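Student: I would like to go through this model by its strands and loops. Can we take it one point at a time?

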Amino acid sequence: SLYNKLSDNFPNYEKIIGSNEYKENFAYRYNAFSSLKDNEIISEWKDLSGHAHHVTQTADNRKPSLTTNLDKPYLSFDGSNDSLEADLTGHILDNPSGKDLTIFTVVKPKEGYYILSTGGQATAATGYALSYQAGNPFSTMKDNSGGRELLISDLFAPNNTHLVTHSYSETYTNIDVLVNGSSSGSCPDR
């Protein structure tokens with residue numbers, strides 16, 4: 001199962017995810033895409049939450065592909081310009097003020113690219129960003145009151161697969177970032 005594959009690669013996965021309900025729901029969502037073929041180009045990744053926050057890519061030369069390695073399927077981005085996009089205006093990732101959320105990202109970072117961004121890296125914006133820029137990987141969550149950028153370079157190495165967990169509770173001052181289940185991050189003086 002996908003849960004067992006994640007557990008094998010990330011020993012602290014059980015502590016992070018925990019409940020059987022989550023595992024079953026996660027596996028269900030994963031299995032919904034099992035009809036895709038290896039190397040298939042992905043133009044739309046459907047949100048199965050019922051909120052229709054699908055991510056899309058219309059430009060053929062920017063579409064990621066589904067890749068399988070040792071029976072482990074994943075979306076493969078070319079590290080140059082592949083991306084999936086959505087208008088998240090009004091979504092919790094656009095502005096999490098006063099809410100609780102946790103973001104799980106399984107990623108193999110490459111030097112110099114944003115991995116996931118809803119605008120949190122921009123000076124006057126709210127939102128979330130996970131990046132590996134110029135050898136300084138960071139995770140940030142900004143709300144109406146401000147934001148805090150956490151450098152995660154101690155555990156987040158390029159060309160290695162990582163599970164990054166970013167938890168936010170009601171305000172940017174109450175955040176936690178884990179890399180592969182271990183506490184990570186330092187706050188630069190800015």
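**Strands, hairpins and loops**

A hairpin joins S8 to S9 through two residues. The model is predicted.

Student: How many bridges link S8 and strand S9?
Tutor: Strand S9 covers residues 146-151. S9 follows S8 through a hairpin of two residues. The two strands pair in the antiparallel sense, and the number of bridges is six.

Student: Which residue in S9 is the bridge partner of Thr-140?
Tutor: S8 runs over residues 136-143, and S9 over residues 146-151. Across this antiparallel pair, the partner of Thr-140 is Glu-149.

Student: In which sense do strand S7 and S8 pair, parallel or antiparallel?
Tutor: Strand S7 spans residues 127-133. A hairpin of S7 and S8 has two residues between the strands. Over seven bridges, the pairing of S7 and S8 is antiparallel.

Student: What is the bridge partner of Tyr-132 in S8?
Tutor: S7, residues 127-133, pairs with S8. For Tyr-132, the bridge partner in S8 is Pro-137.

Student: Which residue takes a positive phi in the hairpin of S7 and S8?
Tutor: This hairpin has two residues between its strands. A phi near 50 degrees is found there, at Ala-134.

Student: Why is S8 largely enclosed by the rest of the structure?
Tutor: A residue counts as buried when its relative accessible area is under 20%. S8 is largely enclosed because, of its eight residues, the number that are buried is seven.

Student: Is Asn-39 buried or exposed?
Tutor: Asn-39 lies in the loop between helix H3 (20-31) and strand S1 (44-45). Its phi is positive, near 70 degrees, although Asn-39 is not a glycine. The cut-off for exposed is over 50%. Asn-39 has 53% relative accessibility, so it counts as exposed.

Student: Where is Glu-170 placed?
Tutor: Glu-170 is a residue other than glycine with a positive phi, near 70 degrees. Strand S10 covers 162-169 and strand S11 covers 171-179. Glu-170 is in the loop between S10 and S11.

Student: Which are the edge strands of the open sheet with the order S5-S10-S11-S12?
Tutor: This sheet has four strands with antiparallel pairing. An edge strand here pairs on one side only. The edge strands are strand S5 (100-107) and strand S12 (182-183).

Student: Which residue in S10 stands opposite Thr-105?
Tutor: S5 and S10 pair in the antiparallel sense over eight bridges. S5 covers 100-107. Opposite Thr-105, in S10, stands Val-164.

Terms used:
Residues are numbered from 1 along each chain as its sequence is written. This is a predicted model: local features need pLDDT of at least 70, side-chain atom pairs count only at pLDDT 80 or more; totals for chains, interfaces and linings use all residues. Side-chain values use heavy atoms; hydrogens and water are left out. Buried means under 20% relative accessible area, exposed over 50%, partly exposed in between (1.4 Å probe, protein chains only). Two strands pair if DSSP finds at least two bridges between them.
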